[in-house]
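Biologist: Let us go through this protein together. Short answers, please, with cut-offs.

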Amino acid sequence: MRIQRIYLLLYSLFFIQISCNDDKRYTNFSKEIKQIEVKNSSNLFWQHLDIEKDTTPGVSLGRAIETLPKRKITPVIIAILDQEIDIYSDKLSEIIWRNSKEIEGDNIDNDNNGYVDDIQGWNFRGNNQGISSSASVNEYVRVVRDYENKNLTVEITLEEYERAKKKLDSKLKKAKEDKEYADMLERIVSEKEKIIVPLLKKNKYTVGDLNSLINSSSDSIVKKYSKILIGFLENNWNYESILKYQKETTQYLVETLNVDFNDRSLQKDDPYNINDIYYGNNNVSSNLDEATHGTIVSGILARFYEYFKENNEMSPIKIMPVVISGSGENPDKDIAVAIKYAVDNGASIISLSFGKEFSTHDSWVKDAILYAQINEVLIVSSAGNSYNNIDNPSIYNYPNDTEGNIEFSNNFIKVGSSSRHLDKRLKSRFSNYGKEQVDIFAPGDSIQTLLPFNKTKWERGTSLSSPLVSGIAALIRAYYPSLTASEVKQILMDSGVEYDILVDVPTKENPEQQLPFNQLSKSGKIVNAYNAMLMAEQFVKEKKKK
């Protein structure tokens with residue numbers, strides 16, 4: 001294994017610190033460190049490694065599980081509000097929540113919750129015939145449409161409309177350019193393949209096939225066209241991928257950015273009535289050829305189950321699929337209704353791996369967050385991948401739990417993404433940040449996760465950080481069920497590992513800007529499962545004394 005050595009200059013007091021307490025069991029790097037040896041970053045589960053044992057800024061999940069108390073636990077339900085999930089995946093099928101109050105296939109609402117046969121969650125993107133749609137518009141499209149249609153039921157100001165209209169016009173211009181580019185690529189390759197494919201006698205070809213044709217043919221056109229097609233292949237373009245790109249750019253124009261596109265025609269609900277909540281179907285694994293994000297997010301939790309399975313222990317988590325995401329951005333109604341569905345059906349943690357810059361019914365979502373708070377449900381939300389300081393009042397980030405910079409709830413935690421690099425790259429380049437708006441960071445960069453149909457993928461994004469924190473929160477609640485949602489949130493923030501090294505935080509105005517990592521979130525830390533479990537145990541003991 002290749003070992004990479006990174007030499008780090010220390011601050012005058014310490015390099016890495018943790019603010020838990022004086023218990024020596026906690027990871028603590030207040031001692032002076034002259035150099036750190038970083039293990040090979042190709043480790044499949046680097047995000048679970050331990051900074052002290054492995055010198056990798058993971059969440060110490062393996063170390064936490066090694067020291068768990070031996071006791072019978074009740075699995076904690078994590079609701080994943082996202083796209084469809086492959087509930088039949090080898091890595092997920094055994095940890096998908098099942099509604100024990102429903103009788104499968106009898107077409108009766110046995111538990112009287114308003115959702116017929118919601119055996120393994122619910123799909124708010126569908127209709128009552130089991131058909132689901134992946135097509136939806138972006139929120140700024142809804143803002144423009146509703147404001148111009150003088151819809152008085154939405155919460156839109158003139159300033160918000162103008163901001164949305166500017167963004168839509170910009171996106172439309174870029175989308176049209178992308179569509180023209182895709183059409184051009186298709187024409188070029190189609191024209192060349194009409195000559196070349198019959199000579200090769202196969203539709204799928206390689207650079208080697210084309211080079212052989214060049215060497216064997218005396219036709220200058222054949223040589224020229226073959227060289228052009230080689231250029232496409234070397235840039236990862238073939239006719240199939242070009243057709244896919246062409247389809248995507250077309251759909252983006254005619255659906256996602258189209259103010260005239262009705263993305264609620266399938267559900268047939270009233271999108272402006274928050275009390276019209278009984279729509280959708282129980283097919284939470286539809287459209288998996290296109291809808292992969294829900295499985296990608298859920299795949300982060302699959303390894304939790306694997307750890308326990310290896311030791312013949314019960315998994316501490318169950319995943320409740322709640323489908324609300326399509327090709328565009330989630331409507332506020334679906335977010336709010338889905339949160340309430342998750343709460344009412346037993347979820348203790350709700351994981352949100354999405355965000356947007358606009359909101360037409362923000363009050364509905366805020367009411368749902370407070371509903372979760374009343375019912376002691378923790379909501380874990382991704383901070384977003386726009387490189388922004390979301391403390392900046394000109395940067396908008398929904399959903400959130402703040403009015404200005406004042407939190408109105410105590411059960412909502414927003415998570416940024418960190419990397420495996422213990423240097424200036426510790427903050428993932430793409431991740432949003434903010435001393436007031438972001439609560440904590442967690443690994444979300446270059447992580448292997450799942451795709452539908454038992455495939456895997458290396459992925460990055462705060463979408464991965466959110467379920468990782470959700471899994472740790474569920475671990476805490478499984479072993480210490482007496483803890484409230486706000487107590488779990490506080491434990492997660494207080495027990496993390498604090499890094500004060502300078503990291504790259506470039507802006508347009510200052511592309512070379514660097515800031516201490518501990519200034520990028522409210523806690524200044526990366527979540528740590530080992531420390532969190534120790535602190536939870538101590539917290540519960542102290543509660544019992546009172």
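Biologist: What is the volume of the second largest pocket?

Modeller: First, the ground rules: this is a predicted model, where local features need pLDDT of at least 70, side-chain atom pairs count only at pLDDT 80 or more, and totals for chains, interfaces and linings use all residues. Residues are numbered from 1 along each chain as its sequence is written, and side-chain values use heavy atoms, without hydrogens and water. On a 1 Å grid over the protein atoms alone, a pocket is an open set of points where a 1.4 Å probe fits, with protein on both sides within 12 Å along at least five of seven lines; lining residues have an atom within 4 Å of a point. Points are joined across faces, edges and corners, and probe spheres set on them fill a volume, here about 410 Å³.

Biologist: How many residues of each class line the second largest pocket?

Modeller: The lining includes Tyr387, Ile395, Arg429 and Lys508. Ala, Val, Leu, Ile, Met, Phe, Trp, Tyr, Cys and Pro count as nonpolar, Asp, Glu, Lys and Arg as charged, the others, Gly among them, as polar. The split is 4 nonpolar, 5 polar and 3 charged.

Biologist: What radius of gyration does the protein have?

Modeller: It is taken over C-alpha atoms, and the globule rule is 2.2 Å times the number of residues to the power 0.38. With 546 residues, a compact globule would come near 24 Å; the protein agrees, at 25 Å.

Biologist: What share of the residues counts as buried?

Modeller: Buried means under 20% relative accessible area, with a 1.4 Å probe and protein chains only. Of the 546 residues, the share is 55%.

Definitions and conventions
Buried means under 20% relative accessible area, exposed over 50%, partly exposed in between (1.4 Å probe, protein chains only).
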